[in-house]
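The following note collects points for a colleague who is reviewing the model. Please read it alongside the sequence and the coordinates shown here.

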Protein chains: 2
Amino acid sequence: MASDLRAVGLLGGGVIGGGWAARFLLGGIDVRLYDPDPEAERKLGEMLENARRALTRLSAVALPREGSLTVVGTPADAAQGVQLVQESAPERLELKQTLLAEACAAAAPDVLIASSTSGLRPTALAAGMAHPGRFVVAHPFNPVYLLPLVELCGGERTAAGTVARAKAIYGSLGMAPLVVRKEIDGFVADRLLEALWREALWLVKDGVATVAEVDDAIRLAAGLRWSFMGTFLTYRIAGGEEGMRHFMAQFGPALKWPWTKLTDVPELTEELLDTIVAQSDEQAAGLGVRELEQLRDDCLVSVLQALRGRDIGAGAVLARHEQALSGAARARVLVAGDDLSQPLALHSAQVAPDWVDYNGHAHESRYLQVFGDASDALFAYIGIDAAYLATGSYFTVESHLSHLREALLDDRLAVTTQVLDCDARRLHVFHSLWREGDGDLLATAEQLLLHVDTVARRAAPASPAVLARVQRIAQAQASLPRSDRVGRAIGIPRG
Amino acid sequence: MASDLRAVGLLGGGVIGGGWAARFLLGGIDVRLYDPDPEAERKLGEMLENARRALTRLSAVALPREGSLTVVGTPADAAQGVQLVQESAPERLELKQTLLAEACAAAAPDVLIASSTSGLRPTALAAGMAHPGRFVVAHPFNPVYLLPLVELCGGERTAAGTVARAKAIYGSLGMAPLVVRKEIDGFVADRLLEALWREALWLVKDGVATVAEVDDAIRLAAGLRWSFMGTFLTYRIAGGEEGMRHFMAQFGPALKWPWTKLTDVPELTEELLDTIVAQSDEQAAGLGVRELEQLRDDCLVSVLQALRGRDIGAGAVLARHEQALSGAARARVLVAGDDLSQPLALHSAQVAPDWVDYNGHAHESRYLQVFGDASDALFAYIGIDAAYLATGSYFTVESHLSHLREALLDDRLAVTTQVLDCDARRLHVFHSLWREGDGDLLATAEQLLLHVDTVARRAAPASPAVLARVQRIAQAQASLPRSDRVGRAIGIPRG
């Protein structure tokens, strides 16, 4: 199913619909957008800009070629020639029913139709649809292009197989579908979110805390844990050696204590609204929504990368998606017709915020990280894949880095690689790091790599196939001019 | 106030009290622990082991010398010779009242007395205290040694100044104190936590989701955002260009929809408990509590480090504490009597999980990261501080790394640094990276550094004072033997 998705029709391009557009377009899927807001295209353009910025930083795996965006005039038009229609209109039942019915009437029979509703029941939403069997709720979270969760919930007339189809589609986009086991208002996530939000409103209304203090109470403690474990696993740990039953025995009674009783909904009076709005303005400290979005996205990127390193939660979802993407893109491998007479351009990167050190440029170790990634791209190019790595790999034994110019935040970098020499065990390469745009040479790295038997952990010859490719490149590049940085020693020259 | 804290008396050494013990001891504070549990010392030892592991990975700033732990037999004894008593007994009002009254009666008049209660009111807790003016609730979060939040709440008889004193003390330990503006049950954070937890229990009871699915619904979406922004700032962004009032207008009504109405407390029947315990066991997948704690701590370390890079939320708290610590520890600076005749040992580190690459050892860039940190330590040693960096700094222009042995996960590393040569602008150094324990030499780095005017971004002489120190070291080390790796070029030798 996954590979079937080539085009999507979107009904609504606001915060959620625009986020979907970004996820689909940057995932290589074409989008047909219907939105009556005359500003929709401008807003979407800005959101796309933010999404591109975030996604290029998130992952070293290259994004597929962007899908194309077509703005259309009716819901029926959005449903033409697509495999999925995603409705993200405001949370008004009748409006959503009308849009979904129109799209359903116009779409080909095998088109999946989904709603992004935060909490309306699928059975009610599908009331006006001629073919409700293909309808499912697919509820995402803001920003849709970064957060992996999508809740899937079928209605009474949803056909067998529709939820599984949706799961495959959203999974192929790098999302983590969660199938809600019963059709209920608010599904799972929003029930939890609203409970916390309601309590937060009480705290502000009662003057116990400001909105910034409520946010601190979350992000400086439980929010950190919630980014990788939810509430149950966290509490299991809090139960100590005695585990979950002990925790429930110890803290279950507290559920009936006064601090959990304020469960009415606070009246949203003008006074309370004024308080919240004023405190929120103060908290934003003059940052506009685009700046706040970038701040949020930068943090999400860093947290997702941190969790990817731990292979847990959203980090594990990301890691799996990257594997799928690099499998799909099939890392470039040397083939017969390749022109090897020039240095190879196999790797590019971008200077991320956490690369920048107190001197205001990328830390020296980040240059070597990029050169190491370029060596990895070369290894893939000469046929070293996951199977090969089980028994053999090249280890770096020496590196000579020269820094010529500063790599600055957001600089896009490209590496070219020249093979200087090789024998059965050794590989001598010279990388050049260029800044895209002005084409300045920022740094070079001369490296000596040693082929290793990764089981015995000692030097061993490369496989004949790998060696043949290495030799082919070395031979083709033998007559290339060499940088005067090759073969140099370090020192302070004395006149 | 901060520097006054040398010793703390702890009443209770369970999950929370033990976490306090770890934070205090690893922060260099002596601890006197009272806990009637005969297993308390063993449990605390295990928790301390986990805390040491997490904190050494968290920060490159060296931890202070560990405080000493004394186990005592009575609450009164715990209050002797300390500046703070921290009570962390089970959440039973009478028990806490008794412990606090006993400690208060025994403690010197200027000792601050605090309770870790999650939700009992300070006025009630202080009922039996002879001197309630010095009492405050200081409510931390699990794991106490990693999470920065501590809620401070005074009671009716808490003296003016007590909360400010507490704020200074906990702040000096790297925590972020949040002063609760009104005395209420559950303070701020637990009100929010319990609201979400109550809803989570309903979802499991009603069969809408399993405990693992509830956790996924959190950690794959909102939980990621909650680790750096709370609920209000997140929703402000969701309001789009129109901001907070628009968001409230749009989503305020949803608070009254059915999905926020299930606010009764579910009955904790045996059946519900069995369900939760069984699903929790399945979720834990055989991991014991120590392993889960380590998993949690590893993730927290990674998330805190990611957020430190963004200087936001808990990451900003960590960054400020590191600055304070390095200021307090006063990075080692060259003084008259220093022995400079041997390579300088100024930096150590440990191989963290995200340093390890697909070859099962630290990525080559991490070696250069450690060498770069060693150069930074050398800069501090020769008198380059934050003020100096405003106009001058050394930039690396060339590095020659040689890898001799593999640095593996958790290896503790130490760097020694030899100054080979210098002139007014240039500094030629040779770092050696050793594994502590077996003393193996893992790698070397020969580096040429150039002194730069950081405003003009061009080469410029170092200040006379810095230069004098550099020359003193270079002179003292002139006759040291040089590694045969110094001054070498890279290449494949041909016989």
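**Notes on the two-chain model**

1. In this predicted model, chain B holds an open sheet of eight strands with mixed pairing, in the order S3-S2-S1-S4-S5-S6-S7-S8. Its edges are strand S3 (69-72) and strand S8 (176-179) of chain B; each has a single partner strand, so one side of each is left without a neighbour in the sheet. From one strand to the next, the twist averages 25°.

2. Within the sheet of chain B, strand S1 (residues 7-11) is paired with strand S4 (residues 84-87) in the parallel sense, over four bridges. One position to inspect is B:Leu10, which stands opposite B:Gln86 in S4(B).

3. Which helix lies across strands S1, S2, S4, S5 and S6 of chain B? Helix H4 (residues 93-106) of chain B does, in contact with S1, strand S2 (30-34), S4, strand S5 (112-115) and strand S6 (135-139). With respect to S5(B), helix H4 of chain B runs at about 170°.

4. Chain A also has an open sheet of eight strands, with mixed pairing and the order S3-S2-S1-S4-S5-S6-S7-S8. Strand S3 (69-72) and strand S8 (176-179) of chain A stand at the edges with a single partner strand each, so each has one side without a neighbour in the sheet. On average, neighbouring strands of this sheet are turned by 25° against each other, direction ignored.

5. For a pairing in chain A, consider strand S2 (residues 30-34) and S3(A), which are joined by four bridges in the parallel sense. There, A:Tyr34 has A:Val72 in S3(A) as its bridge partner.

6. The contact between the chains involves 165 residues from chain B and 164 residues from chain A. About 15,700 Å² is buried between chain B and chain A, and carbon and sulfur atoms give 65% of this area.

7. How many salt bridges does the rule find across the interface of chain B and chain A? There are ten salt bridges across this interface. A salt bridge links B:Arg181 and A:Glu213, with 2.7 Å between the closest N and O atoms. The rule also finds 42 residue pairs in polar contact across the interface of chain B and chain A, both residues being at pLDDT 80 or more. On the side of chain B that touches chain A, helix H7 (residues 189-205) of chain B gives the most, with 16 residues. By class, that side of chain B has 84 nonpolar, 36 polar and 45 charged residues.

8. Strand pairing also crosses between the chains. Strand S10 (residues 392-403) of chain A and strand S10 (residues 392-403) of chain B run antiparallel and are joined by five bridges. In this pairing, A:Glu398 stands opposite B:Ser402 in S10(B).

9. Two cis peptide bonds deserve a place in this note. In chain A, the bond joining A:Asn142 and A:Pro143 is cis, with omega about 0°; A:Pro143 is found in the loop between strand S6 (135-140) and strand S7 (149-153) of chain A. In chain B, the peptide bond from B:Asn142 to B:Pro143 is cis, with omega near 0°, and B:Pro143 lies in the loop between S6 and strand S7 (149-153) of chain B.

10. A last backbone point concerns B:Ala285, a residue other than glycine whose phi is positive, near 50°. B:Ala285 lies in the loop between helix H11 (270-284) and helix H12 (289-310) of chain B.

Conventions: Residues numbered from 1 in each chain as written. Chains lettered and ligands numbered in written order. Predicted model: local features only at pLDDT ≥ 70, side-chain atom pairs only at ≥ 80, totals over all residues. Heavy atoms only, no water. Pairing = 2+ DSSP bridges. Helix = DSSP H or I, 4+ residues; strand = E, 2+ residues; numbered from the N terminus. Axes fitted to C-alpha atoms, helices over the stretch in contact; angles between N-to-C directions. Contact = heavy atoms within 4.5 Å. Buried area = accessible area lost by both parts, 1.4 Å probe. Salt bridge = Lys/Arg side-chain N within 4 Å of Asp/Glu carboxyl O. Polar contact = N/O pair within 3.5 Å; in protein donor to acceptor, adjacent residues only side chain to side chain. Nonpolar A, V, L, I, M, F, W, Y, C, P; charged D, E, K, R; others polar.
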